[in-house]
Amino acid sequence: MATEFVKTFVQMCNYLQDPRHVARFQKVCGVQGTFPVKPSEPDRGESDRGESEPESPGLRKRGPDSSVVNGAAGDAKGMLGDITAGPEAPSVDLDTTRAKPLRKNSLTGDVGQEFLIHNKFLFYLFTFGTELGNEMFFIVFFPFLFWNIDALVSRRLIVVWAWNLFVGQSTKDMVRWSRPASPPVVKVEVFYNSEYSMPSTHAMTGTAIPFCLFMLTYGRWQYSFLFGFSVALSWSILVCVSRVYMGMHSILEVITGFLYSLLILAFFHPLLETIDSFYMTDHFAPLVIIVSHVSLGLVAFSLDSWSTSRGDTAQALGTGVGAAIGTHVNYQLGLLLDPPLSSLPLTLPPISFSLVFLSVLRFVIGVAVILVTRMVMKAVTIPSLCRLFGLPTDDVRQARQHVKVELPYRYIVYSVVGFSCVSVVPLFFKMFSLA
């Protein structure tokens, strides 16, 4: 019986990994590829339409041709000819929009192939959804939450975010599955296309953060359970489904990322108060924080060759270092003033013009400080590391593919950014009566 269960489970996994399900979902949502039409051969069946049998999931080499044939697009006339040729080609109506991926492939520089959008609402909805799992969103979200709403919740979320990315990316580098094959899948996004895909780290962060936010704020802030759970679930579903829509993940990879993040959250959530208390009060906390996070970064970088996503993991760990040390400094200097337990549950103050203006002002000034800090640190750190290790400074992209440059660069720059967010910017607000 156990053998039958394992056999059925493997068959189900293979079924959910099939890229043709991704292609069908994209078609239902109004995404149409512009793949060149190949000469048809007799007795090929569905493969004449670009739906050949996909490779079995497993260990496949990553590279510019590992999973995508969405190369640079041809001219508009040529592409239109491809998609309208033949008796079975769909008509192109006035509501159809041509589009290309917003960002180039992070490793190969490939700009991606044009595709057609028949449903603009879903395109914008899922583009927004995938941004909810991107690092740039969290760079904006965490500071806003810290400066304007609840610093305790924000700093604990950063802990979960950093560990979640580390575990997810490390798992990718051990499993080493490539992205869904194209064709039949349309690559609406290509930035991470050359990276490994199992599990979906977008699905992981897009699940861990909203559910952790819900678990940290329910009972601390006054709102109904149904409202908080609905927001967390909607956020998670939107991010997860958007990754299938973008052609970046199979259904299996998204489901795995969702369940994996819940498992990580179940482990970390009971420990968050202990971790936060250790960061604030223990005299050896800064040393433990630096050693542990740098060690995790070395592990992540040793699993495979350099990649942008691995750099993002180091960036998250570096941010975690800075935020944790900033928490320690704030507490030791008496600058960390969390609301007393007697004041719980907290309620949002009435929305007024002055409240909105002050919140926006804090956010704009804080982000400006962080961006300037990042710009200065980046301009100083990379050339200094290149000179230290005897590397040419004229090709920054090539230099950063060396772990001895990329790892310290990410840690130094983003630990300073994290420290600025948690300690320097609030001190600046206090000095100018903006707190």
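Two residues count as being in contact when they have heavy atoms within 4.5 Å of each other. On that basis, 80% of the contacts in the protein with a separation of 6 or more are made by residues 24 or more positions apart. The model looked at here is a predicted one. Its 435 residues include a buried share of 49%, and the chain folds into 15 helices and 3 strands.

One helix pair gives a good first look at the packing. Helix 7 (201–217) and helix 8 (residues 225–245) have axes that come within 8 Å and cross at roughly 175°. Angles over 145 degrees count as roughly antiparallel, so helix 7 is roughly antiparallel to helix 8. On the helix 7 side, the contact is made by His202, Ala203, Gly206, Thr207, Ile209, Pro210, Phe211, Leu213 and Phe214. Helix 8 answers with Phe225, Gly228, Phe229, Ala232, Leu233, Trp235, Ser236, Val239, Cys240 and Arg243. Sorted by class, the residues of this contact come out as 13 nonpolar, 5 polar and 1 charged.

Next come the cavities. The structure has 3 of them with a volume of 30 Å³ or more. The largest has a volume of about 120 Å³ and a lining of 14 residues. Nearest its centre lie Glu135, Lys172, Tyr192, Thr201 and His202. His202 has turned up already, as one of the helix 7 residues in the contact with helix 8. Helix 7 is also among the helices that each give at least two residues to the lining of this cavity, along with helix 6 (151–175) and helix 12 (308–332). As for chemistry, the lining of the largest cavity splits into 2 nonpolar, 7 polar and 5 charged residues.

The second largest cavity has a volume of about 90 Å³. Helix 6 and helix 12 are involved here too, and together with helix 10 (272–281) they each provide at least two lining residues. Helix 6 makes the largest contribution to this lining, with 5 residues. The full set around the second largest cavity is Arg155, Ile158, Val159, Ala162, Trp163, Asp276, Tyr279, His293, Gly320, Ala323, Ala324 and Thr327. By class, these lining residues divide into 7 nonpolar, 3 polar and 2 charged.

Notes. Residues numbered from 1 in each chain as written. Predicted model: local features only at pLDDT ≥ 70, side-chain atom pairs only at ≥ 80, totals over all residues. Heavy atoms only, no water. 1 Å grid on protein atoms, 1.4 Å probe; cavity = no way out; pocket = protein on both sides within 12 Å on 5 of 7 lines; lining within 4 Å. Points joined across faces, edges and corners; volume = space filled by probe spheres on them. Helix = DSSP H or I, 4+ residues; strand = E, 2+ residues; numbered from the N terminus. Nonpolar A, V, L, I, M, F, W, Y, C, P; charged D, E, K, R; others polar. Axes fitted to C-alpha atoms, helices over the stretch in contact; angles between N-to-C directions. Parallel < 35°, antiparallel > 145°, perpendicular 65-115°, else oblique. Buried < 20%, exposed > 50% of the residue type's maximum accessible area, 1.4 Å probe, protein only.
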